[in-house]
Amino acid sequence: MIAREISSQLLEFTNMKLYGYLGIVIVILAEVFLFAGNQFVGHWFTPIVWTGYILFVDAWVFRLARRSLLTTDRVELLILVFISIAAWWLFEFYNTPRFWQSNAELWWHYHNLEPNPYLRRLGYDWAFATIFPAMFLTARLLMVTVTKNRKSLRPMQLRTRWLYLLIGIGATGSLLPLIFISEWLAPAVWLSFIPLLDPINYLRGWPSIIGDLRFGNYKRLLALLLSGGLCGILWEFWNYWALSKWTYTVPYFGNVKIFEMPVLGYLGFPPFAVECWVIYIFFRSLLTRPPARFENDEVWISL
């Protein structure tokens with residue numbers, strides 16, 4: 001049974017669209033040129049390798065689900081890219097909350113960046129543009145494979161007053177790092193937008209984790225958590241070897257690292273994917289009405 005499932009998945013893998021193979025080639029060549037000492041690839045490695053990853057996973061998703069960002073939902077991809085860039089600049093603001101006084105960064109620090117400010121900005125935006133698509137495509141892939149046949153669990157009901165309490169907790173957590181500048185408040189940045197925005201998305205009739213749990217559907221939540229963990233490991237693995245890279249300073253076990261990331265930081269990647277999804281849904285809700293249908297295995301809005 002397991003052998004048959006593996007064979008089936010390999011067959012799907014070998015029949016994907018051409019750009020998926022192009023993505024694999026980009027990732028492999030980026031690694032080859034990086035370790036060969038190519039300066040251009042070394043400095044632009046992060047956006048290059050993640051572009052290859054997105055091409056590969058998107059093609060695989062299309063092969064399995066007959067829908068993907070690059071084939072059937074290109075307009076949504078553009079929206080997603082814009083939100084991804086904007087959201088990460090928001091996180092950069094948290095990392096340098098007093099940028100008009102000092103360039104001192106609290107938690108992550110960039111090294112060996114492009115000296116030309118215009119090219120450096122292009123590099124920033126290109127890298128930031130890959131964050132949401134990479135995680136959401138990975139989550140979609142997991143939803144049509146790993147969590148596809150997962151049964152529904154017991155529904156979880158939250159009364160309206162609890163939803164407003166969550167919003168209050170999220171608002172407090174999202175404001176504290178801007179008011180009290182402290183390295184200890186890093187978890188608030190990566191967690192607070194979930195209780196702030198997910199209840200709002202639910203109350204406004206948009207897809208939400210709370211809405212999923214209300215019907216006992218944990219598949220989307222699980223896929224997002226797994227996606228965050230997987231992409232987080234790849235981010236840190238690929239970042240470790242790049243010439244232009246980031247490092248971290250955190251006050252708790254900051255010297256105990258896997259690659260450049262302190263070990264406790266890996267716990268933040270799974271909820272980070274959930275946070276990015278609720279941010280995407282919230283800002284997406286400002287553009288159109290709620291979708292008439294949003295299936296249990298979907299991650300982005302299909303026009």
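In which helix does Leu141 lie? Leu141 lies in helix 7 of this predicted model. Helix 7 spans residues 131–143. With a relative accessibility of 13%, Leu141 counts as buried. Beyond residues up to four places away in sequence, Leu141 touches Val57, Trp60, Val61 and Leu64. Tyr118 is 23 residues from Leu141 in sequence. In space, the two C-alpha atoms are 35 Å apart.

Thr138 is also found in helix 7. Its relative accessible area is 2%, and Thr138 is therefore buried. Neighbours within four places in sequence aside, Thr138 is in contact with Tyr53, Val57, Ser227, Leu230 and Cys231. Val57 thus appears in the contacts of Thr138 and in those of Leu141. Ser227, Leu230 and Cys231 are contacts of Thr138, and helix 12 covers residues 219–241.

Cys231 was examined next for disulfide bonding. A search of the whole structure finds zero disulfides. The closest cysteine sulfur to that of Cys231 is in Cys276, and because the distance is 10 Å, the two are too far apart for a bond. A disulfide would require the sulfur atoms to be within 2.5 Å. The relation holds from the other side: for the sulfur of Cys276, the closest cysteine sulfur is that of Cys231, at 10 Å. Both cysteines are buried. Cys231 has a relative accessibility of 0%, and Cys276 has a relative accessible area of 0%.

The packing of helix 12 against helix 13 was then described. Helix 13 comprises residues 269–285. Two packed helices are described by the angle between their axes and the distance between the axes. Here the angle is about 115°, and the axes of helix 12 and helix 13 lie 7 Å apart. The crossing of helix 12 and helix 13 is right-handed. From helix 12, the contact draws on Arg220, Leu221, Leu224, Leu225, Gly228, Gly229, Gly232, Trp235 and Glu236. Helix 13 supplies Phe269, Pro270, Pro271, Phe272, Ala273, Val274 and Trp277. By class, this contact has 11 nonpolar, three polar and two charged residues.

Charged side-chain pairs form another group. The count comes to five salt bridges, and three of these are described here. Asp73 pairs with Arg67, with the closest N and O atoms 2.7 Å apart. The two partners differ in accessibility. Asp73 has a relative accessible area of 3% and is buried, whereas Arg67 has 30% and is partly exposed.

A salt bridge within helix 6 joins Asp125 and Arg121. Its closest N and O atoms are 2.9 Å apart. Helix 6 runs over residues 117–129. Because Asp125 and Arg121 are four residues apart in this helix, about one helical turn separates them. Asp125 counts as buried at 18% relative accessibility. Arg121 has a relative accessible area of 43%, and is partly exposed.

Glu260 and Lys245 also meet in a salt bridge, at 2.9 Å from N to O. This pair links distant parts of the chain, with the two positions 15 residues apart in numbering. Lys245 is in strand 2, residues 245–248. Glu260 sits in the loop between strand 3 (257–258) and strand 4 (261–262). Glu260 counts as buried at 13% relative accessibility. Lys245 is likewise buried, with a relative accessible area of 14%.

The loop that holds Glu260 also contains Phe259, between strand 3 and strand 4. Phe259 is not a glycine, yet its phi is positive, at about 60°. With a relative accessible area of 29%, Phe259 is partly exposed. Asn112 likewise has a positive phi of about 60° without being a glycine. Asn112 is placed in the loop between strand 1 (108–111) and helix 6. At 49% relative accessibility, Asn112 counts as partly exposed.

Methods
Residues are numbered from 1 along each chain as its sequence is written. This is a predicted model: local features need pLDDT of at least 70, side-chain atom pairs count only at pLDDT 80 or more; totals for chains, interfaces and linings use all residues. Side-chain values use heavy atoms; hydrogens and water are left out. A salt bridge is a side-chain nitrogen of Lys or Arg within 4 Å of a carboxyl oxygen of Asp or Glu. Buried means under 20% relative accessible area, exposed over 50%, partly exposed in between (1.4 Å probe, protein chains only). Axes are lines fitted to C-alpha atoms, for helices over the stretch in contact, and angles run from 0 to 180 degrees between N-to-C directions. A crossing is left-handed if the near helix is turned anticlockwise from the far one by less than a right angle, and right-handed if clockwise. Contact means heavy atoms within 4.5 Å. Ala, Val, Leu, Ile, Met, Phe, Trp, Tyr, Cys and Pro count as nonpolar, Asp, Glu, Lys and Arg as charged, and the others, Gly among them, as polar.
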